Amino acid sequence: MTFISFGISRMAWMASPVLVGLLLVAAPQLAAAATSEVTVKIANFTFSPADLTITPGTTVTWVNNDDIPHAVVETEKTFRSKALDTDDKFSFTFTNPGEFSYFCSLHPHMTGKITVKK
Amino acid sequence: MDKSDKIRPTKDEDGIDRRGFLECMTWAGTGVLWALAGGLPQAMGLSTALAAETPAAPFTFLQISDSHVGFSKPANPDALATLREAITRIKELPKKPSFMIHTGDISHLSKDIEFDNADQLIKEAGIPVFYVPGEHDLLDDGQGKSYLDRYGKGSKGAGWYSFDQQGVHYIGLVNVVNLKAGGLGNLGADQLQWLQDDVAGLSAETPIVVFAHIPLWTVYPDWGWGTSDGAQALALLKRFGSVTVLNGHIHQVMQKVEGNIAFHTARSTAFPQPEPGKAPSPGPMKVPAGDLRKYLGIATVDFVRGGEPLAIIDKPLAG
């Protein structure tokens, strides 16, 4: 911060509010871009990774690689996909922190968990 | 053992010949007639059964399962074609069955076109059909509404019901709804209560046939092949002298006897699945194209008054 303040002091007076504004929004945008998309593969009747930790705002996409349909259903019904045939995808964006346990409603022995924390 | 051999079990104290049963298992893959004589299991090879050495049966019914119409993956690019072959075999049976039981997974994705195609073909058999749903039949937006609209008339809850035919009491159960994370097939408290009431007035001599999609006995829990509250349902049937349980879901013939309860699973008409634990997952098993029809098939069930055997013959589409 010291360095930035020093830098601003060297800039034209009129430009400084714009620069400060850019710096404030730049950091969260970069963090979101790095973790906003995660894929969970469904293959051999298994979610992988079955246990996933993400930050709020992340979109998780499940892709079914099996020759049989699967579905992704959160145990508290926070989200529920339609039946996903081979290569079908389902996405859900996690905005709130928490633990989300899910399973396949066709083959309930298939389970997974998403942990959302800041 | 030669598949034409006939097993005449000597009865244990509990009336079950386990040696005979285990031998019977060894040729389950080629076709088996498996009988309950007065509640006691007998078994004989398919060729013997087809030679009509058994007394003439007053009526036969048929089990068909897991037609998965709409499935088109490498394990069977045309599930409708193999269902057509199964229906052709049914039409060619020397004795017309009284009715047919379909133990679920009629469709692959619960699409109207899949149900339509299945219905149109199955209708050609020209006999009444009694359905229970598989998990693949409840994938519409209404989570089973399509199934109930088509097949659920007169049923209770998610589609369970019972009926009587020539002294036998048939019970169709639904164990594919409201499945819980980490669990198996499930009947639920409402259905168990209905079952208890349904059989309450029946004499213990009434032969019972129970059918449901997922096996009511635990076949292989790691793959979800069982029903979490199946034992509770079977306990309600314990007092009956002869109970036959017909299931599908696992796409292979498997059978077991426990007390007076005989369990049987039918082949699929669409694609085979691996033996429990013999593959990384229970997904469709790809076999050489020329062998596929050995893994698919139907089952006929004979009921004979007098000798009272309830005989199940698994008939592969080929081989």
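## Confidence in the model

Over residues 1-57 of chain B, pLDDT stays under 50, and for this stretch the model has 106 contacts beyond four places in sequence. The structure is a predicted model, and these contacts belong to a stretch where pLDDT is under 50. For chain B as a whole, the mean pLDDT is 84, and 80% of the residues reach 70 or more. The scores for the model are ipTM 0.80 and pTM 0.81.

## Chain B and its nonpolar core

Chain B contains 8 helices and 14 strands, and 48% of its 319 residues count as buried. If one takes the contacts in chain B between residues at least 6 apart in sequence, 69% of them join residues at least 24 apart.

The largest nonpolar core has 83 residues, and those with the most contacts inside it are L62(B), L173(B), V210(B), A212(B), V245(B) and V301(B). Helix α3 of chain B, which spans residues 79-92, gives the largest share of this core, with 6 residues. Which residues does V210(B) touch, not counting those up to four places away in sequence? They are I171(B), L173(B), L216(B), L237(B), V243(B) and V245(B); among them, L173(B) and V245(B) are also listed with V210(B) as having the most contacts inside the core.

## The contact between the chains

Where chain A and chain B touch, the contact takes 18 residues from chain A and 17 residues from chain B. On the side of chain B that touches chain A, these residues divide into 9 nonpolar, 5 polar and 3 charged.

## A sheet in chain A: β2-β1-β4-β6

One open sheet of chain A has 4 strands in the order β2-β1-β4-β6, and its pairing is mixed. Strands β2 (46-48) and β6 (89-94) of chain A stand at the edges, and because each has a single partner strand, one side of each is left without a neighbour in the sheet. On average, and with direction ignored, neighbouring strands of this sheet are turned by 20° against each other.

Within this sheet, strand β4 of chain A, made of residues 58-64, is joined to β6(A) by 6 bridges, and the two strands run antiparallel. One example of a bridge pair is W62(A), whose partner in β6(A) is F90(A).

## A second sheet in chain A: β3-β8-β7-β5

Another open sheet of chain A is formed by 4 strands in the order β3-β8-β7-β5, with mixed pairing. Its edge strands are β3 and β5 of chain A, each of which pairs on one side only. How does the pairing come to be mixed, and which strands run parallel or antiparallel? Strand β3 (residues 51-54) of chain A and β8(A) pair in the parallel sense over 4 bridges, whereas β7(A) and strand β8 (residues 111-116) of chain A run antiparallel and are joined by 6 bridges. At the other edge, strand β5 (residues 73-74) and strand β7 (residues 98-103) of chain A pair in the antiparallel sense over 2 bridges.

Single residues let a reader follow this order across the sheet. In β8(A), I114(A) stands opposite L52(A), and I114(A) also stands opposite F100(A). F103(A) likewise has two listed partners, since it is paired with T111(A) in β8(A) and is itself the bridge partner of V73(A). A further pair is E99(A), which stands opposite T115(A) in β8(A).

## Backbone exceptions

Most residues other than glycine have a negative phi, and most peptide bonds are trans. An exception to the second pattern is the peptide bond from S48(A) to P49(A), which is cis, with omega near 0°; P49(A) lies in the loop between β2 and β3 of chain A.

Two residues with a positive phi can be set side by side. D87(A), a residue other than glycine, has a phi near 70° and is found in the loop between β5 and β6 of chain A. H251(B), which is not a glycine either, has a positive phi of about 55° and lies in the loop between β10 (243-247) and β11 (254-258) of chain B. Is each of them buried or exposed? D87(A) has 9 other C-beta atoms within 10 Å, so it is exposed, the cut-off for this being 12 or fewer. H251(B) has 25 C-beta neighbours inside 10 Å and therefore counts as buried, which requires 20 or more.

Note on methods: Residues numbered from 1 in each chain as written. Chains lettered and ligands numbered in written order. Predicted model: local features only at pLDDT ≥ 70, side-chain atom pairs only at ≥ 80, totals over all residues. Contact = placed C-beta atoms within 7 Å. Nonpolar A, V, L, I, M, F, W, Y, C, P; charged D, E, K, R; others polar. Core = buried A, V, L, I, M, F, W, Y, C linked by C-beta atoms within 7 Å. Pairing = 2+ DSSP bridges. Axes fitted to C-alpha atoms, helices over the stretch in contact; angles between N-to-C directions. pLDDT = per-residue confidence, 0-100.
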